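Reader: I should like to go through this structure with you. Could we take it one region at a time?

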Amino acid sequence: MVLEGKITSIDEIFSQGLKIREVEVVDSLIPGLQQEVLHIGLVQKQTDAGEKSRFKALVLVGNSDGYLGLGSGKAKQVRNAIEKGTADAKLNIFPVRRGCGSWECRCGENHSVPFVVTGKCGSVTVELLPTPKGVGIVAGEVAKTILGFAGIKDCWTRSLGSTRTIPSFAMATFNALKSTYRIMTPKDWTG
Ligand SMILES: [Zn+2]
C-alpha cells in the first residue's frame, strides 16, 4: 500500500491499525531515522557439533520526534547481528505519545511523558514520570538514550530490579513508552 501511494505517512499506518511488515516501509516513511547499538552479548549454545557461540545485538532506532523501535538480532558475526537487530527494531517501531503531564509546568508542549507510565521486563520495572520543562532526562545512560531517541526532553525515572542487565532494562523502558499509547485519558475521550 505504501508503494501504491495509498499510504503516505507513518501516522496513517498506526491510526489505521496496520502492521509494518517490511523494513523498506519504515525507511521510506521515516527518513533520518537514527540507530544505536545498546548492547552486544555472547550467546552460547550446546549442539551436537560442540559449543556454538553467536553474538546478540540489541539495537535502538528512533527519529527523536515520537517514533521509536527496539530490536535484537543473533549472528556469528557482530556486524550481521547488528544488521538483523536494526531490521527487527524497524519492524518494532511505534509512536510514543508525548506531552506535558507535569502539574508544575502545564506548558502543553510535547517535552515529557503525558502521564506516569510503567514498563516491565523480567524482574526489571521502569517508571517514567512527567517533569517540568528544563529538568532534562534524569536517568542512567541507557534510559537517557532511549528517551532521547523518542524525542522526550524532560523525564524522571524510577527503576526496580536488576537494572544493570542492559537488555531487560532497555526492554522495560521501551515497554513503558509503548504504554503511553495504550492508556486513554479523559482528555482523549472528549477530544
Ligand atoms: Zn510542560
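Author: The turns below discuss a predicted model, taking the metal site, the strands, the core and some single residues in order.

Reader: Which residues coordinate the zinc ion?

Author: The donors are the SG atoms of Cys100, Cys105 and Cys107 together with NE2 of His111, at 2.1 to 2.3 Å. Along the sequence these donor residues follow the spacing C-x4-C-x1-C-x3-H.

Reader: And what is the geometry of the site of the zinc ion?

Author: The site is tetrahedral, with angles of 98 to 115° among the four donor atoms.

Reader: Is His111 buried or exposed?

Author: His111 counts as buried because its relative accessibility is 3%, and the cut-off for buried is under 20%. Cys105 has a relative accessible area of 22%, so it is classed as partly exposed.

Reader: Let us turn to the strands. In which sense do E2 and E3 pair?

Author: Strand E2, residues 50-62, pairs with E3 in the antiparallel sense over eight bridges. Within that pairing, Phe55 has Ala75 of E3 as its bridge partner. Four residues lie between the strands of this hairpin, and Ser64 takes a positive phi near 60° there.

Reader: How many residues of E3 are buried?

Author: Seven of the nine residues in E3, which spans 67-75, are buried, so the strand is mostly covered.

Reader: Which residue stands opposite Tyr67 in E4?

Author: That residue is Pro95. Strand E4 covers residues 94-95 and runs antiparallel to E3, to which two bridges join it.

Reader: Now the interior. Which residues touch the most other members of the largest nonpolar core?

Author: They are Leu68, Leu128, Ile146 and Leu177, in a core of 28 residues. The elements giving two or more residues to this core are strands E2, E3 and E6 (124-129) and helices H4 (141-150) and H5 (166-182). Another core, of 12 residues, lies apart from it and has Ile20, Val25, Tyr67 and Ala89 among its members.

Reader: What does Leu177 contact, leaving aside neighbours within four places in sequence?

Author: Its contacts are Leu68, Phe94, Val96, Val113, Leu128, Ile146, Leu147, Ala150 and Ile152. As a general tendency, nonpolar side chains in soluble globular proteins are buried together.

Reader: Which residues of H4 are buried?

Author: The buried residues are Val142, Ala143, Thr145, Ile146, Leu147, Phe149 and Ala150. With seven of its 10 residues buried, H4 is mostly covered. Just after the helix, Gly151 takes a positive phi of about 95°.

Reader: Where is Arg98, and is it buried or exposed?

Author: Arg98 sits in the loop between E4 and strand E5, residues 117-121. Arg98 is classed as buried because its relative accessibility is 16%, against a cut-off of under 20%.

Reader: What lies 3.3 Å from a polar atom of the Arg98 side chain?

Author: The backbone oxygen of Gly151 lies at that distance. Leaving aside neighbours within four places in sequence, the contacts of Arg98 include Ser64, Asp65, Gly66, Asn110 and Ile152.

Reader: One last residue: what does Thr173 contact, again leaving aside neighbours within four places in sequence?

Author: Thr173 is in contact with Val126, Leu128, Ala143 and Ile146. Thr173 belongs to helix H5, and it is buried, with a relative accessible area of 0%.

Definitions and conventions:
Residues are numbered from 1 along each chain as its sequence is written. This is a predicted model: local features need pLDDT of at least 70, side-chain atom pairs count only at pLDDT 80 or more; totals for chains, interfaces and linings use all residues. Side-chain values use heavy atoms; hydrogens and water are left out. Buried means under 20% relative accessible area, exposed over 50%, partly exposed in between (1.4 Å probe, protein chains only). Two strands pair if DSSP finds at least two bridges between them. Donors are N, O and S atoms within 2.8 Å of the metal (3.2 Å for Na, K and Ca); water is not among the atoms, so sites may look incomplete. Four donors count as tetrahedral if all angles lie between 85 and 135 degrees; four count as square planar and six as octahedral if opposite donors are over 155 degrees apart and all others between 65 and 115; anything else is irregular. A nonpolar core is a set of buried Ala, Val, Leu, Ile, Met, Phe, Trp, Tyr and Cys residues joined through side-chain atoms within 4.5 Å. Contact means heavy atoms within 4.5 Å. A polar contact is a pair of N or O atoms within 3.5 Å; within protein, one must be able to donate a hydrogen and the other to accept it, and residues adjacent in sequence count only if both atoms are side-chain atoms.
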